[in-house]
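Work through the exercises below with the structure open beside you, and try each task before you read its solution.

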Amino acid sequence: MRYADGGGLTAEQRKRREEIRMQAVELFEERVKVPRIARELRVSEKSVYQWRRAWKTGGREALRSKGAPGYDCRLGPHLQARLAAWLDEGPAAHGWTEDQVWTAARVRTLIGRRFHISYSVSGVTRLLHRMGYSVQMPARPAAERDEDAITAWREATWQEVKPLGRRPAPSSASRTKQA
């Protein structure tokens, strides 16, 4: 199953699904039939059968949420807060003076230098996404940007240089009867 954010559920979504399973437990205890439980909770019968099997063997606790799947993040919340503070200082404060751009590779190097933890570049991008960072975009347009010149170019020059589309010609989709 694919999720919109690229993987997993949020804590709120996991809590909501656990609530649905707990409603199912109450209905199991009342000896309600599986098809009716599935209709009432708007889930598949297969899920209800699996929940009932787990409930019979492990009780209510077997249907509690086990938290986010996968490994725990190697940077805990306090280390992520420190990293966020360093990122707010900007790249120049950490030795990258040629431009003011944080790249995933630079953040990876910063994490390695400061925390002595090795991350891959893709791991850093996932970490930054979880921390609420997104692809870096300029906060304001470039000072050199001239909107009037851009508009004039679009209206005059682009009309001259843009390629023409295919000219309409009689045609047919049939292979045996050409137009």
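**Exercise 1.** Leaving aside its neighbours within four places in sequence, which residues is Leu-83 in contact with?

*Solution.* Bear in mind that this is a predicted model. Once the sequence neighbours within four places are set aside, Leu-83 is in contact with Leu-75, Leu-110, Ile-111, Phe-115, Leu-127 and Met-131. The next step is to place Leu-83 in its surroundings: the largest nonpolar core has 17 residues, and Leu-75, Leu-83, Ile-111 and Phe-115 are the members that touch the most others. Two or more residues of this core come from each of helix H4 (77–89), helix H5 (104–115) and helix H6 (121–130), and H5 gives the most, with five residues. A second, separate core has 14 residues, including Met-22, Val-25, Val-48 and Leu-63.

**Exercise 2.** Determine which residues of H6 are buried and which are exposed, and explain how the buried ones are arranged around the helix.

*Solution.* Begin with the buried residues of H6, which are Gly-123, Val-124, Leu-127 and Leu-128. Seen down the axis of H6, these buried residues fall within an arc of 135°, so they line one face of the helix. As background, an α-helix has 3.6 residues a turn, so residues three or four places apart point the same way. Now turn to the other side of H6, where His-129 and Arg-130 are exposed. Finally, look for the partners of the buried residues of H6, which pack against H4 and H5.

**Exercise 3.** Find what sign of phi Gly-132 takes, just after H6.

*Solution.* Move just past the end of H6 to Gly-132, which takes a positive phi of about 100°.

Methods. Residues are numbered from 1 along each chain as its sequence is written. This is a predicted model: local features need pLDDT of at least 70, side-chain atom pairs count only at pLDDT 80 or more; totals for chains, interfaces and linings use all residues. Side-chain values use heavy atoms; hydrogens and water are left out. A nonpolar core is a set of buried Ala, Val, Leu, Ile, Met, Phe, Trp, Tyr and Cys residues joined through side-chain atoms within 4.5 Å. Buried means under 20% relative accessible area, exposed over 50%, partly exposed in between (1.4 Å probe, protein chains only). Helices (H or I, at least four residues) and strands (E, at least two) are DSSP runs, numbered from the N terminus. Contact means heavy atoms within 4.5 Å. The arc is that of the directions from the helix axis to the C-beta atoms.
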